[in-house]
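Colleague: Before I use the terms for this model, I would like to know what stands behind them. Please take me through the reasoning.

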Amino acid sequence: MTDRSSISELAALADRIRACRLCVESPRGPALPHQPRPVLRASMTARLLVASQAPGTKVHATGLSFNDASGDRLRQWMGLTRDVFYDESRVAIIPMGFCFPGHGAAKSDLPPRRECRETWHDDLFRLLPQLDCILAIGRYAQDYHFARLGRPLPKGARLDDVVRRWKDFGGQGSGEQGPRLIALPHPSWRNSGWIKRNPWFEADVLPMVRAEVARAIGG
Ligand code: SF4
């Protein structure tokens, strides 16, 4: 699948995504309150995918995925330096919404725009069959990727359960069964309380995450 035509197809699709203005020109609800700036990183060689939620303000301003405090924490969780994390040939970073969605009433980020998933994601992931390990960050990415890979999460499944018992939810595919699918909470500092209340996350889940990341990137 890494033939020339597939590589050009991926490049052409990524160009179309980066030029997308759907959420200001024909939104499915209130228009995006700023100009779109789609942010994603994808290649046909990356076997590891960071499947995230949507850019925040700093990522929107710089155009670089996870270029913020959440990214620092995520890299620490994964055991990766910035250099390796941003090596697009080894690590893909694809959020559920490519543009910063704006702030809600409580100053928290709005959910990822649904126009994005409805328009782009299925086509994009059809072009990335080599993915071998997916870190699904937050519920939007978890719902989409578990369902896309034929392992839909039960309605009402709690984040704690999906993160802790990812194998029971069908996460441990590999080879013919499809990629590993590991659920993570968002690395935002807003989730520090959740991490403190769930010490098994740092003790049991993070060592496994680092091992799976190292396996997927071949290091
Ligand atoms: S959020 Fe997605 S669908 Fe909306 S403008 Fe950005 S790239 Fe297009």
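Modeller: Helices here are DSSP runs of H or I with at least four residues, numbered from the N terminus. The model is predicted. With that numbering, helix 7 gives the most to the lining of the second largest pocket, with four residues.

Colleague: What makes a residue part of the lining of the second largest pocket?

Modeller: A lining residue has an atom within 4 Å of a point of the pocket. Met96, Pro112, Arg113, Arg114, Arg117, Arg139, Tyr140, Asp143 and Tyr144 line the second largest pocket. Helix 6 and helix 7 are the elements that give two or more residues to this lining. The pocket holds about 160 Å³ of space, and its lining divides into four nonpolar, no polar and five charged residues.

Colleague: Why are helix 6 and helix 7 called oblique to each other?

Modeller: The axes of helix 6 (residues 114-126) and helix 7 (residues 138-148) cross at roughly 45 degrees. Angles under 35 degrees count as roughly parallel, and 65 to 115 as roughly perpendicular. Helix 6 and helix 7 are therefore oblique.

Colleague: How do you know which residues of helix 6 and helix 7 meet?

Modeller: Contact means heavy atoms within 4.5 Å. Arg117, His121, Asp122 and Phe125 in helix 6 meet Tyr144, His145 and Arg148 in helix 7. By class, this contact has two nonpolar, two polar and three charged residues.

Colleague: What is the volume of the largest pocket, and which residues are closest to its centre?

Modeller: Its volume is about 590 Å³. Of the 25 lining residues, Ala54, Gly56, Ser70, Asp109 and His186 are the closest to the centre.

Terms used
Residues are numbered from 1 along each chain as its sequence is written. This is a predicted model: local features need pLDDT of at least 70, side-chain atom pairs count only at pLDDT 80 or more; totals for chains, interfaces and linings use all residues. Side-chain values use heavy atoms; hydrogens and water are left out. Axes are lines fitted to C-alpha atoms, for helices over the stretch in contact, and angles run from 0 to 180 degrees between N-to-C directions. Angles under 35 degrees count as roughly parallel, over 145 as roughly antiparallel, 65 to 115 as roughly perpendicular and the rest as oblique. Ala, Val, Leu, Ile, Met, Phe, Trp, Tyr, Cys and Pro count as nonpolar, Asp, Glu, Lys and Arg as charged, and the others, Gly among them, as polar. On a 1 Å grid over the protein atoms alone, a cavity is a set of points where a 1.4 Å probe fits but cannot get out, and a pocket is an open set with protein on both sides within 12 Å along at least five of seven lines; lining residues have an atom within 4 Å of a point. Grid points are joined across faces, edges and corners, and a volume is the space filled by probe spheres set on the points.
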